[in-house]
Amino acid sequence: MTSWKTDFLQTQITSETTPKRALVILNQPFSEGLFLRLWSSSQWHCCADGGANRLFDVVDSAQRTLFLPDLIKGDLDSIRNDVKDFYISHGVPVVEDADQDSTDLMKCVSAVQDLETEQQSEYDIVLLGGLSGRLDQTIHTLSYLHKLRKTRKRIFAVTDDNVGWVLDGGEHIIHIDHSILGPTCGLLPVGIASTLLSTTGLRWNLWNQPSSFDGLVSTSNHLVPTEDTVWIRTSNPIWWTAELRS
Ligand SMILES: Nc1ncnc2c1ncn2[C@@H]1O[C@H](COP(=O)(O)OP(=O)(O)OP(=O)(O)O)[C@@H](O)[C@H]1O
Ligand SMILES: Cc1ncc(C[n+]2csc(CCO)c2C)c(N)n1
């Protein structure tokens, strides 16, 4: 049974028990509060092209050198010149990958893979953004994480409104901190023909019920406030999302 802890917003993490975390900042709006929590709980920081503009703009100019990313990567058609010049002048590698068959998100995940090979250790990946905005980009995030589940167990997308990730086929226990998550959540059968779902800990639980894009989709479900865990059994991979409290 896989155990997933919804602890990616915590800043106090014991390195013996939790893998290192890589933060990939996408070109999407986010609040300063969310940014600071994710930045301080990550050991490696990367901006996907125009994500560097978001980092530059969210930090006060006097504080900017305290928040230098380890890498800026992409086809570099969105990063502003002033932003590029600032980070280059402070020694940040700005890597252009002009490939037009891969997105800036994919280019940054491949940079995390290179880092893992170099350091011979694994990172959890947190994407800041990618679940809203342009529909093609949003569906790309859903599709890419669905495909990545085969090689990478822990990659999450976080926005001011939601956290989400793919639960692979099997059983999962999700530990819920109700001060951070809820009340709404969803189980979204994206990228599969159908799955058989069973759950506990939700207001509208399912028991061996088929879920498919063409049939039942559990949206606007609720976490039960008195339950500390949600248990989910799914025969095929499914996207799990929960609302982030502000
Ligand atoms: N409007 C959006 N909605 C959702 N995600 C976005 C949006 N814009 C950018 N992103 C995410 O941020 C990454 C960097 O975006 P950027 O704007 O720099 O490049 P892009 O040219 O729009 O995207 P790409 O080159 O990856 O197709 C994208 O790869 C994508 O994952
Ligand atoms: C079938 C197909 N559809 C779209 C694109 C375009 N595209 C996909 S990723 C990317 C890079 C964006 O920075 C671009 C332009 C393609 N190459 N192949």
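## Ligand 2: polar contacts and surroundings

In this predicted model, a nitrogen atom of ligand 2 lies 2.6 Å from a backbone N or O atom of Q100. D101 contributes through its side chain, a polar atom of which is 2.8 Å from a nitrogen atom of ligand 2. The side chain of D75 also takes part: one of its N or O atoms is 2.6 Å from an oxygen atom of the ligand. With the protein in place, 41% of the 450 Å² of accessible area that ligand 2 has on its own is covered.

The residues around ligand 2 are D75, Q100, D101, S102 and T103. By class, this shell holds 3 polar and 2 charged residues, with no nonpolar residue.

## Ligand 1: location and shell

Ligand 1 occupies the largest pocket. It is surrounded by 17 residues, of which N27, G50, D104, S132 and R134 are the closest. The shell of ligand 1 comprises 9 polar, 5 charged and 3 nonpolar residues.

## Ligand 1: polar contacts and coverage

Backbone atoms of two residues approach ligand 1: a polar backbone atom of R134 is 3.0 Å from a nitrogen atom of the ligand, and a polar backbone atom of L105 is 3.2 Å from an oxygen atom of the ligand. Q28 engages ligand 1 through its side chain, with a polar atom 3.2 Å from a nitrogen atom of the ligand. Of the 570 Å² of accessible area that ligand 1 has on its own, the protein covers 86%.

Technical notes. Residues are numbered from 1 along each chain as its sequence is written. Chains are lettered from A and ligands numbered from 1 in the order in which they are written. This is a predicted model: local features need pLDDT of at least 70, side-chain atom pairs count only at pLDDT 80 or more; totals for chains, interfaces and linings use all residues. Side-chain values use heavy atoms; hydrogens and water are left out. A residue is near a molecule or strand if one of its heavy atoms lies within 4 Å of it. A polar contact is a pair of N or O atoms within 3.5 Å; within protein, one must be able to donate a hydrogen and the other to accept it, and residues adjacent in sequence count only if both atoms are side-chain atoms. Accessible areas come from the Shrake-Rupley method with a 1.4 Å probe; for residues, only the protein chains shown count as cover. On a 1 Å grid over the protein atoms alone, a cavity is a set of points where a 1.4 Å probe fits but cannot get out, and a pocket is an open set with protein on both sides within 12 Å along at least five of seven lines; lining residues have an atom within 4 Å of a point. A molecule sits in a cavity or pocket if more than half of its atoms lie within 2 Å of its grid points. Ala, Val, Leu, Ile, Met, Phe, Trp, Tyr, Cys and Pro count as nonpolar, Asp, Glu, Lys and Arg as charged, and the others, Gly among them, as polar.
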